[in-house]
Structure formats: structure tokens, C-alpha cells
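Welcome! Have a look at the sequence and the model below, and then let us walk through them together.

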Amino acid sequence: MELTKEQLEGIEWIKKGLQKYKGVLLADKMGFGKTAQAIEVLKGKKTLIIAPAYLLYNWVKELHYW
């Protein structure tokens, strides 16, 4: 699966925001691919992901996928 045009634009928006600010808030609708966008931005960086326990399996699955 490939990232959509909108997801690629979101990734660029995140990267620009992180250069200008200490953080950004990605609040797209459910199912838009926020996890995939976050993974693409964080590739190659040590990262601590804090999420509810019920989302742990989904994060592991998505990290392996992307």
C-alpha cells in the first residue's frame, strides 16, 4: 500500500511544523492514516509512543507494515 497524496501533504506539513515549533497536532478524521503519517515522519528516530493499551497491537502491526 502506498501513501495517498493527502497523506504525503500531511507528512510535509508535520515536518515543517516540527522545524518551526516544538510539536504539532495531527487531528485528521478517523481512518485517514494518521498512524502511517506519524510512522513516516518518525522513521530512523528513537521514539516513545504513548497510547492506550488497546491500541498497542495496532501500533505494532502498523510499524511492521510501514
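Two residues are said to be in contact, or to touch, when they have heavy atoms within 4.5 Å of each other. With that in hand, we can start at the end of the chain: leaving out residues up to four places away in sequence, Trp66 touches Met1, Glu2, Leu3, Ala36, Ile39, Glu40 and Lys43.

A few ground rules will help. This is a predicted model, in which local features need pLDDT of at least 70 and side-chain atom pairs count only at pLDDT 80 or more, while totals for chains, interfaces and linings use all residues. Residues are numbered from 1 along each chain as its sequence is written, and side-chain values use heavy atoms, with hydrogens and water left out.

**The overall picture**

The protein chain holds three helices and zero strands, so its elements read α-α-α from the N terminus (helices are DSSP runs of H or I with at least four residues, strands are runs of E with at least two, and both are numbered from the N terminus). The C-alpha atoms fill a box of roughly 30 × 25 × 25 Å along the principal axes. The radius of gyration, taken over C-alpha atoms, is 12 Å, which agrees with the value near 11 Å for a compact globule of 66 residues; that rule is 2.2 Å times the number of residues to the power 0.38. Among contacts between residues at least 6 apart in sequence, 50% join residues at least 24 apart.

Of the 66 residues, 21% count as buried. Here buried means under 20% relative accessible area, exposed means over 50%, and partly exposed is in between (1.4 Å probe, protein chains only).

**The core and helix 2**

Which residues make up the largest nonpolar core? There are eight: Leu3, Ile11, Ile14, Ala36, Ile39, Val41, Trp59 and Trp66. Helix 1 and helix 2 each supply at least two of these residues, and helix 2 gives the most, with three. A nonpolar core is a set of buried Ala, Val, Leu, Ile, Met, Phe, Trp, Tyr and Cys residues joined through side-chain atoms within 4.5 Å.

Helix 2 spans residues 34-42, and its buried residues are Ala36, Gln37, Ile39 and Val41. These buried residues pack against helix 1 (5-20) and helix 3 (56-65). Just after helix 2, Gly44 takes a positive phi of about 80°.

**Three residues to look at**

| Residue | Element | Relative accessibility | Class |
|---|---|---|---|
| Gln7 | helix 1 | 8% | buried |
| Gly10 | helix 1 | 12% | buried |
| Lys34 | helix 2 | 25% | partly exposed |

What is Gln7 in contact with, leaving aside its neighbours within four places in sequence? The partners of Gln7 are Glu2, Phe32, Gly33, Ala36 and Gln37. Lys34, with residues up to four places away again not counted, touches Leu26, Ala27, Asp28 and Lys29.

Two distances show how sequence and space compare. Lys34 and Thr4 are 30 residues apart in sequence and 12 Å apart in space, C-alpha to C-alpha. Gly10 and Ala53 are 43 residues apart along the chain, and their C-alpha atoms are separated by 26 Å.
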